[in-house]
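Colleague: Could you pick one spot in this model and take me through it slowly? I'd like to see what lies around it, and how that links up with the rest.

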Amino acid sequence: MKCVGILGSPRPKSNSAAVAEKFLDQAATMGAEVTIHRLSDMNYSGCIACGGCKTKSETCVVEDDLLQALEDLRNCDIAVLASPVYFSEVSGQFKSFFDRTYSFVTPQFTTRLEPGKKALMILSQGQPDPGKYRDVFDRYGFWLNFYGFGESELIVASGLQEAGLVSSKPEILAEAESLAKRWLG
């Protein structure tokens with residue numbers, strides 16, 4: 001079982017990363033092969049709309065640090081996608097990454113990914129209402145479903161203004177650990 005984590009926060013020790021790492025640590029304990037990509041540590045651009053993934057290649061043709069993350073996502077069984085919510089949207093780092101998943105789409109507008117993958121999206125937010133930005137997951141969940149992720153889950157870590165505050169909400173970390181046990185058990 002291959003799990004890949006895409007951590008989209010620009011903050012070190014972010015809340016969204018802490019929740020993702022809880023899931024991924026449990027997955028590793030259960031024997032999964034785990035790979036983590038911290039977008040803030042990588043040098044990459046968003047999609048440049050060159051069309052190369054439709055005319056020259058079946059993968060993204062932009063040569064930068066994101067190529068390995070895209071390849072790992074293509075070949076994983078479980079994707080863990082984590083981002084803070086800024087201005088009612090994922091972080092800029094995460095959005096630039098996700099735009100590059102356009103390379104997973106064929107010229108005929110079908111998916112290039114094998115079906116049956118699972119995806120966990122983790123959103124952290126200062127807003128205390130966990131349902132306030134549900135539309136963020138709905139937008140990205142649409143594409144995850146299109147790409148062939150048959151099961152997608154959302155964990156919202158709400159009411160967290162400062163980095164590291166998720167440790168004061170053990171129920172959120174327990175939810176991530178429990179989901180890993182269910183999916184890998």
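**A close look at Glu 153**

Modeller: Glu 153 is partly exposed, at 26% relative accessible area; that label covers what falls between buried (under 20%) and exposed (over 50%), using a 1.4 Å probe and protein chains only. Before we go on, remember that this is a predicted model: local features need pLDDT of at least 70, side-chain atom pairs count only at pLDDT 80 or more, and totals for chains, interfaces and linings use all residues. Residues are numbered from 1 along each chain as its sequence is written, and side-chain values use heavy atoms, with hydrogens and water left out.

So where does Glu 153 sit? You'll find Glu 153 in strand S6; helices (H or I, at least four residues) and strands (E, at least two) are DSSP runs, numbered from the N terminus. Skipping neighbours within four places in sequence, Glu 153 is in contact (heavy atoms within 4.5 Å) with Ala 119, Leu 120, Met 121, Phe 137, Leu 179, Arg 182 and Trp 183. Val 80 is 73 residues away from Glu 153 in sequence, yet their C-alpha atoms are 9.6 Å apart.

Now follow Met 121, one of those contacts. Met 121 is also in contact with Phe 94, whose other partners beyond four places in sequence include Ile 6, Leu 39, Leu 81 and Tyr 140. That takes us to the largest nonpolar core, meaning a set of buried Ala, Val, Leu, Ile, Met, Phe, Trp, Tyr and Cys residues joined through side-chain atoms within 4.5 Å. The core has 34 residues, and Phe 94 and Phe 97 touch the most other members. Strand S6 (149–157) is among the elements giving two or more residues to this core, and so are strand S1 (2–7), helix H4 (92–99) and strand S5 (117–124). Helix H5 supplies the largest share, five residues. A second core, of 25 residues, lies apart from it, with Leu 7, Ala 20, Leu 120 and Leu 179 among its members. In soluble globular proteins, nonpolar side chains tend to be buried together.

Leu 120 and Leu 179 should ring a bell, as both are contacts of Glu 153. Let's use Leu 179 as the way into helix H6. Leu 179 is one of the H6 residues that meet H1, as are Trp 183 and Ala 176, while the H1 side includes Ala 18, Val 19 and Phe 23. By class, eleven nonpolar, one polar and three charged residues make up that contact; here Ala, Val, Leu, Ile, Met, Phe, Trp, Tyr, Cys and Pro count as nonpolar, Asp, Glu, Lys and Arg as charged, and the others, Gly among them, as polar.

How do the two helices cross? The axes of H1 (residues 15–29) and H6 (residues 170–184) come within 8 Å and cross at roughly 35 degrees; axes are lines fitted to C-alpha atoms, for helices over the stretch in contact, with angles from 0 to 180 degrees between N-to-C directions.

For contrast, look at another glutamate, Glu 71, in helix H3 (residues 66–75). Glu 71 is partly exposed as well, at 31% relative accessibility. Its C-alpha is 14 Å from that of Lys 117, which is 46 residues away along the chain.
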